[in-house]
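Subject: Structure handover, aromatic rings

Hello,

Here is the structure we spoke about. Please open it and keep it in view while reading the notes below.

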Amino acid sequence: MGEKTLNMGRFVSWICGTCMILGSASSPEPSVTHCELLEHANITCYWSAVSSEGTSYKLSVNMTHCLNFTNYISMGSCNTTHTHCSVRIGSVSHCFCVDVLASSPSGAARSDRHCLIGINEAVKMYPPRITSLAIIPRKAHCLKLEWVEDSYPLYEKDLSVLQIEYSTPHQARSWTARTALRNRQMELCGLYPGTKHYVRIRAQSSRAPKHWSSWSAFQEATTAEAAPSAAPELWRHIQPVDEKGERRITLLWKPLQWPGSNGEVVRYNASCWSDLNWTRWKCDYLYSSNTSCVLSVSAQPCTCSLTASNSAGTSPSAHVHIPGDGDRVLPPPLDISVTPLEDFQLKVNWTAALEQSGASFVVQWFAIPDNTAGGIYWKILNESSRSFILTDGVLPEIPYNVSVQVVYRKAVTAERFAIAFTRQGVPSIGPRLEVMEIAGDRVMLKWESLPLEKLHGFIQNYTILYKTNDKVQSRVLGSDHNEFTLSGLPAGKYNICVRVHTEAGGAAGPWVSVTVGNDYIELVAILLCTVGALLILVILLSQVERIQQHLCPAVPDPSKSSLSTWPPVCQRQHMLTVLDFKPSPSPFELIYVGGKTGHRDHHQQDHSQVCAYSYQSAPTNYLPVSECYASLGVEAEDSANLIQGSNLLSGLESHCYTHVSTTYLPVPGPAVAYADFVLERMDTISSPLKHSTGDALDLLGV
């Protein structure tokens, strides 16, 4: 029984040993890579990770003799799931040995011991601190840097170096410089004038070149400004000569960029002058935000210049030549091609002509149809350039006009251009269809080409759709068509439209309805309209006389009146001078003879002579009728009845009247007729002829 128990124990021990060996073999050992020591602070060690999940680590630190690394004295340990941790120590002037134990669900593994001499191998210095970073007067390329480091004794600082790193907001890279840590200050030169710089520093012991201290905090400062070292980019947009013989020139420039600006630009100065005389044109004050200026110059060739200024001075001048109107234009580049790179980039390539040394290239692009100066993008490139990538203002589904021209010192070539899209889209509208003619079984159609900016791409083809009785048919045409005739159509009503297609899709225009095969209906309608018009004309001709009677009634003829043959009855009639009738502004007096009173305007005048009495003092009474009225056919008894106020006869004067208006004379028949007399009198006493104003005699009912 005892022997069996002993054998069983041995077997279990063997099994456990085997499991431990297999577990340790399956758990890889971590490996210490390096350690860093901070004086009077801690030791931090780093190791490689174990791939097993759920692994934890324990770092053990022992101080030992530097000769044989024996007699270990434990300084402490730390536990972590990461691949580094720190243990607190005292002075770094000792030797240390460390190891790492990795524990996982599958087992545990310990790294080899890693021993080091602290003062010579692993010392990491404390970061220094920047105390000042300032401008140096009259040194636009330098800054004065000052720092302190109080954690080490002086002899240690003598063995340490300082590394300075500086950068600008305009660039991602940084630059470094070195100096002795003990100096505590230096002039940091080689910087950009008028530019903000970010500076930080760190230290390293010369006895431990493997480790640098941590970086200090950033300190920033701006160097003093200097006059701009580069000229701004200058271009122009020329409009045709107007009726005054002048041209509007728009000078275009790009803001002067860093580093050529050497500070902040405060203003620009632009002007042009004629190449043939001393005429000069200057733009008004231009602020730093201005990027264009418009001048009206002559048609002669001229030169324009532009400068930029900051607080320290003025930049070199940029020049552009404006050719005269009618000057010879040089040939453009040989070839140009535009390739889309992505939705917001186009690449333009060109082939230059021979012997173009000393020239530069100008690439221009604008979104169609905006070709104004405000919508143009441009770039000036050197003579070696043969390609350029467009990014400014480039969007998908918008057509761009891209051109390249060569610029010499005193000449400019013509442009070579191409139209391009970064990505084509579906047209926003379709063509509007117009029916030109319908004849028999044929329908002639026409449509206008759509603007490129509404197509959002290049036309691939057109499709004519026509349907009748819910049956749709189509015809596909090339992109160069804008009219087509559908033939062989059966009689009926058709709905027709045109669809335009680009690379991305198509859009249809409005539908148009037409009727085919009903020509006889139109002929019948024309005949009916013609017959109706003829009937109306015949009816009007048959009623001409009746219409004329209503529109143009008969007017009495004064020449057939009895008044036209009145005999002269006045004694002094032969002494009267016949005068032309002139209407008097005075109102007419109406004399009631028989019938109703009335008045009409003067239309015709037939003058005769008549004698009558007029009562000057009593215009409201009826005038006595003289024998002179006998020829009018007025009965004496009727006239006697008309006489009122016989006691006024003594006040009457005898006058002889001539030029009697016979505008309206009696006409035969029962109708009432009127005689309108306008009289002129001859004074019976005095020989001069006197005009009686306001004397008028109207005979009514004659």
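Please keep in mind that this is a predicted model. The notes deal with aromatic side chains and with lysines placed over them.

How many aromatic pairs does the structure hold? The count is 11. Two of these pairs are described here.

In one pair, Tyr166 and Trp175 are stacked, with 5.8 Å from centre to centre and 20 degrees between the planes. Both residues are buried: Tyr166 as well as Trp175. Tyr166 and Trp175 also belong to one aromatic cluster, together with Tyr192 and Trp258.

Another stacked pair is made by Trp365 and Tyr377, where the centres are 5.9 Å apart and the planes differ by 15 degrees. This pair links distant parts of the chain, 12 residues apart. Trp365 belongs to strand β27, which covers residues 360-367, and Tyr377 belongs to strand β28, covering residues 377-381.

Are Trp365 and Tyr377 buried or partly exposed? Trp365 counts as buried because its relative accessible area is 2%, and the cut-off for buried is under 20%. Tyr377 has a relative accessibility of 34%, so it counts as partly exposed.

Which residue lies over the face of Trp378? It is Lys254, placed 4.6 Å from the ring centre. A second case involves Lys467, which lies over the face of Trp511, with 4.6 Å to the ring centre.

When you go through the model, you could begin with the cluster of Tyr166, Trp175, Tyr192 and Trp258, then turn to the pair of Trp365 and Tyr377.

Regards

Note on methods:
Residues numbered from 1 in each chain as written. Predicted model: local features only at pLDDT ≥ 70, side-chain atom pairs only at ≥ 80, totals over all residues. Heavy atoms only, no water. Phe/Tyr/Trp six-rings, centres within 6.5 Å; stacked < 30°, edge-to-face > 60°. Buried < 20%, exposed > 50% of the residue type's maximum accessible area, 1.4 Å probe, protein only. Helix = DSSP H or I, 4+ residues; strand = E, 2+ residues; numbered from the N terminus. Lys NZ or Arg CZ within 6 Å of the ring centre and 35° of its normal.
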